[in-house]
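Visitor: I should like a close look at one part of this model. Please concentrate on a single helix and on what surrounds it.

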Amino acid sequence: MTDPALRDPALSRRWLALLIGLALLWPLLVLSEFKPWTLLDERGLRATGRYLAQFIHMRSDAEFLQMLALDTWRTVAIATAGLTLALVLAVPLSLLATARLSASTLEGRPGPARWLRRAVRALLVALRSIPELIWALVFVRVVGLGATAGVLAIAIAYGGMLGKVYAEILESADATPTQALLSAGATRWQALCFGALPSCLPELLSYTVYRWECAVRSSVVLGFVGAGGLGQQLDNASKMFAGNEVSAILLVFVLLVMASDAFSRWLRGRLA
Amino acid sequence: MKREPVRASTWAVLAGLAVLVVASFWSLNLQWSAFLGVDALASMGRFGMSFFPPQLAPAFLAKTGWALLETLAMSALGTALAVVGGLLLALPASGQGLGRATARMLLNLLRSVPELVWATQLLILAGLGPLPGTLALALHTSGVLGRLFAESFENAPAAGALALRQRGLGEGCVWLFATLPQTLPQLVSYTLYRWENNIRAASVMGVVGAGGLGQMLSYHLGLFQMAETCTVLAGMIALVGLVDALSWVARRSLTR
């Protein structure tokens, strides 16, 4: 670096930025008890090695595979049923929350209905702001262990999410057709079907399919709190340090995620 | 206007989806009565009311605040580690040959396993606490960011890199002084978006025992200490709401 033409003109600033970054990093390391060397103590390493060594001998007897297939289906079914119930919740709420469909917004002076819209919007945000895992944790206490808690958790968390996004999609579409219909005396329902839906439908459907894919992933995770499916099997196997079962479940899980990913991409491609 | 006839294959897809939905409900054997009956709704209402009033003792609030900071630290550190990991994998993934295929496969694997699944496996290796949670966030996010970073590098305008390469600079210098500055704004916005996601993910990480607010939540809920659970839940909602609001404001000021 003796050649002045090759010297970095911003060198001092880069070092300063690096130092500030490191100074900010320090409290984070303390707060999150970041001591990765604890991973490297000898006994821990030996136990880890034993656990990971079992991964290679994937369990593959008929009984286990049958159970795995059943749980894979349950995982997909929890996601599908949850999303269907979420639609039942989201569609009416999003229609209530959309100002675009309200005749009272035409004069530029929103009527008292806007308070209803704000309330619905706040409800949707509240449903969504609690993660589905927490909903599941609570529902397991109410309806007991099993798929019902998982379906309810997905229904409520995704209902809030879908409702909010549906309303946003409907609001962001071109306003001319709905306004023309409403000022010509069309009802809310007619304005929706003939004004807003024709242009918004592909986006609404493709977002729904994308969320179904997310629901499959999260329904695995819901199993950890006792909502059935692959996650529950994975949790049980991990707790028993059964590496041979864990590796098989993980493999099936990764394949399931990739399959639902591909299916959802294909379906969205068809809708577009 | 002539209506476009609906294709038969579209009907087939719709019928397939309907079968999937019906089969899901049928095979799950849901306990409708457990959440739709009058008794069930009443008991659910009682359960909901038992959360109130929240526990507001100063000592408990301080503990919740501390867990909140721990959650934030986990998410920030996990994202920072993921930036490093993502960059290390994005470089070969945006290159050529065998390295590209291997790195892409690794990125896909890291990405398709959710944070919480990584956490359950890391718990076995690292024990309870925020460390496995942070590492789990880092692993999953490395996969996500690595893929996005690799795409940015590939789509970066090639002129700057070409100019430096023709002057005879090594690939490292070319990346550092041409590709990186050009893609930096994009990398930063991807990172901030993932950080936002990770704050949400970190708050539930503790449900499997990996530190932060979630660990407090599942502990108190497990003991049916509803007042304490309510406070922790309120903290969690406030955290997520605050992050949502901040990112909304940031996005609006950036797009204006």
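Guide: Let us take helix α3 of chain A. Three of its residues, L93(A), L96(A) and A97(A), meet L116(A), R117(A), V120(A), R121(A) and L124(A) in α4(A); residues count as in contact if their C-beta atoms, placed from the backbone, lie within 7 Å. This contact comprises 6 nonpolar, no polar and 2 charged residues, where Ala, Val, Leu, Ile, Met, Phe, Trp, Tyr, Cys and Pro count as nonpolar, Asp, Glu, Lys and Arg as charged, and the others, Gly among them, as polar.

This is a predicted model: local features need pLDDT of at least 70, side-chain atom pairs count only at pLDDT 80 or more, and totals for chains, interfaces and linings use all residues. Residues are numbered from 1 along each chain as its sequence is written, while chains are lettered from A and ligands numbered from 1 in the order in which they are written.

α3(A) spans residues 62-97 and α4(A) residues 113-129; helices are DSSP runs (H or I, at least four residues), numbered from the N terminus. The two pack at an angle of about 140 degrees, with their axes 8 Å apart. α3(A) is therefore oblique to α4(A), as angles under 35 degrees count as roughly parallel, over 145 as roughly antiparallel, 65 to 115 as roughly perpendicular and the rest as oblique.

Among the elements of chain A, α3(A) has the highest mean pLDDT, 89, on a confidence scale from 0 to 100.

Toward the partner chain, 44 residues of chain A are in contact with 45 of chain B. α3(A) supplies the largest share of chain A's side, 7 residues.

How values were computed: pLDDT is the predictor's confidence in each residue, from 0 to 100. Axes are lines fitted to C-alpha atoms, for helices over the stretch in contact, and angles run from 0 to 180 degrees between N-to-C directions. Two residues are in contact if their C-beta atoms, placed from the backbone, lie within 7 Å.
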